[in-house]
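Subject: Structure handover

Hello,

Here is the structure I promised to pass on. Please look through it first, then read my notes below.

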Amino acid sequence: MSTEDKIDALIVRLHEIEAVKFGEFTLKSGLVSPIYVDLRVIVSYPDVLASVAGCMWEVLKRNGAEFDNMCGVPYTALPIATCMSLNNDCPMLMRRKEVKDYGTKKAIEGAFTSGQTCLIVEDLVTSGASVMETVEPLNDVGLVTKDVVVLIDREQGGEARLRSHDLRLHAVLPLSRVLKTLEAKNLMSAELVATVKAFIAANQTGPNASGNEMGAAAAPTPAVFKRDSYEHRATLTENKCAKDLWNLMARKKTNLCVAADVGTAKELIVLADKIGPEICILKTHCDLYPDFDDAFGATLLELAAKHDFMIFEDRKFADIGNTVVGQYSSGVHKIADWSHITNAHIVPGAGIIDGLKQVGLPKGRGLLLLAEMSSAGTMAKGQYTEDAIAMAAKHPDFVMGFISTRPSAWKGAWSRGLVQMTPGVQLGGGGDGLGQQYNTPDRVIKECGSDVIIVGRGIYKAADPVASAAEYRKAGWDAYVSAL
Ligand code: 5BU
């Protein structure tokens with residue numbers, strides 16, 4: 001097989017195993033991309049890993065690159081570098097991502113001598129920033145770096161950036177080559193190819209003529225998380241409740257949810273009637289109210305219709321599927337009868353969603369998964385958050401979104417039809433002495449990438465809750481409009 005045929009076959013395999021996907025994906029930078037490349041999966045396909053390592057070596061040899069040893073950029077490129085090292089008897093070095101604060105404290109592990117030339121191995125290059133994070137410690141220990149080999153170059157300016165550091169980029173697959181092959185094999189439409197090309201052209205990141213960074217990857221955390229309109233997001237969800245909420249927010253121009261944690265149901269009803277015109281959601285904890293009775297749901301639903309808001313019982317279900325069926329549908333509170341939205345911990349596993357869905361889906365309800373929490377020391381982070389994203393993706397008809405605190409920093413891709421709601425919001429920031437951590441509405445929407453601000457004491461404890469609700473509403477809405 002010729003090298004070109006091998007490369008075409010590799011592109012088709014990468015598409016098959018979903019290492020390259022098309023749709024709407026939120027990148028770590030906050031950008032919404034029509035293409036998502038995640039090469040971590042290749043370790044599970046030995047034929048693909050072998051082919052990747054083989055093609056990368058061939059490109060290096062064809063281009064006449066010379067080096068004494070090689071170092072993969074952690075983590076995805078490490079198995080690729082290992083295969084190249086074994087197949088071609090070329091020594092490998094390893095860079096520690098976090099330098100140990102004990103023992104030898106070495107940033108570069110392995111045997112080498114100062115002055116040797118080290119090849120950098122990377123899976124994907126966008127801006128070139130992560131390659132530079134590996135180049136610097138190699139140079140610090142006296143290794144010379146001249147060549148970088150990469151499987152996919154997104155062609156967003158990485159090559160120019162590396163060139164400005166005297167590094168030569170050898171890419172097996174420039175993204176344009178991937179698109180060309182997939183279109184030729186009828187795996188992508190011409191329209192989709194055009195969309196991806198337009199995105200790449202609009203999001204260049206390399207050094208400009210004066211050597212300054214420009215574009216999306218210039219800052220690792222963007223000051224403003226760019227977003228689609230709520231109207232557009234309504235078209236991206238399968239869940240009725242999410243669709244209703246997106247449209248309600250757009251129509252009423254409010255992304256404010258009030259957490260009405262007052263002492264009695266009577267006070268709650270009075271508050272809901274007063275602040276109703278300002279909010280998109282009223283959030284309840286029905287087990288807080290000693291005077292809760294069978295009329296509670298009907299009264300609240302009347303107010304919801306009168307003022308055009310939705311009801312969210314913040315029940316935080318956390319039991320096995322069979323138990324939550326009863327807790328959600330019956331018992332004292334009969335939550336599913338009156339609350340449009342509820343939420344659940346994912347700690348029991350997927351059965352909790354199946355149980356709640358059995359009750360809620362026929363009633364057109366929506367479920368939020370607790371992907372993160374606002375309290376200090378929360379365990380809902382990292383892999384737990386990633387697992388919540390994966391569970392939501394399996395139930396697009398019922399899971400309407402997440403409780404989250406910083407979705408703009410999430411690694412995993414999630415559908416833009418999902419709603420992000422964030423508690424722990426106060427204009428002054430700070431905390432409450434019992435673990436609650438506050439962020440301002442502006443930061444929650446613009447930096448953290450949330451869609452709905454959830455405000456409790458900032459409003460119901462204010463001297464004038466209606467004026468305060470209006471103030472929070474304006475802050476949340478202005479932040480959304482300026483992030484569009
Ligand atoms: P506060 O008064 O603005 O601190 O109220 C926050 C509300 O949001 C309160 O009802 C909490 O139970 C709720 N909440 C939260 O604060 N943090 C979380 O992670 C989740 C819910 Br989930």
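Start with one residue pair: Met-70 has Met-92, in β4, as its bridge partner. Strands β3 (residues 69–72) and β4 (residues 92–95) pair in parallel, over three bridges. Strands here are DSSP runs of E with at least two residues, helices are runs of H or I with at least four residues, and both are numbered from the N terminus. Two strands count as paired if DSSP finds at least two bridges between them.

Before you go on, note that this is a predicted model: local features need pLDDT of at least 70, side-chain atom pairs count only at pLDDT 80 or more, and totals for chains, interfaces and linings use all residues. Residues are numbered from 1 along each chain as its sequence is written, and side-chain values use heavy atoms, with hydrogens and water left out.

**The sheet**

β3 and β4 belong to an open, mixed sheet of six strands, ordered β5-β4-β3-β6-β7-β8. Its edge strands are β5 (108–109) and β8 (168–174), each paired on one side only.

**Helices on the sheet**

Helix α2 (residues 46–62) lies across β3, β6 (117–125), β7 (144–153) and β8. It runs at about 135° to β8. Helix α6 (residues 175–184) lies across β7 and β8, at about 15° to β8. Angles run from 0 to 180 degrees between N-to-C directions, with axes fitted to C-alpha atoms, for helices over the stretch in contact.

Buried residues of α2 include Val-48, Met-56 and Trp-57. Buried means under 20% relative accessible area, exposed over 50%, and partly exposed in between (1.4 Å probe, protein chains only). Among the elements covering the buried residues of α2 are α1 (3–16) and α3 (77–88). Gly-64 follows α2, with a positive phi near 70°.

**The annotated site**

UniProt, in an unreviewed entry, places an "active site" at Asp-314, Lys-316 and Asp-319. Its positions are in the numbering used here, feature names are shortened, and annotations may be inferred rather than shown by experiment.

Asp-314 lies in strand β11 (residues 310–317). Lys-316 is in β11 too. Asp-314 counts as buried because its relative accessible area is 9%. Lys-316 is partly exposed, at 25%. Their side chains share a polar contact of 2.9 Å. That term means a pair of N or O atoms within 3.5 Å; within protein, one must be able to donate a hydrogen and the other to accept it, and residues adjacent in sequence count only if both atoms are side-chain atoms.

Leaving out residues up to four places away in sequence, Asp-314 touches Lys-283, Thr-284, His-285 and Asn-343 (contact: heavy atoms within 4.5 Å).

Best wishes
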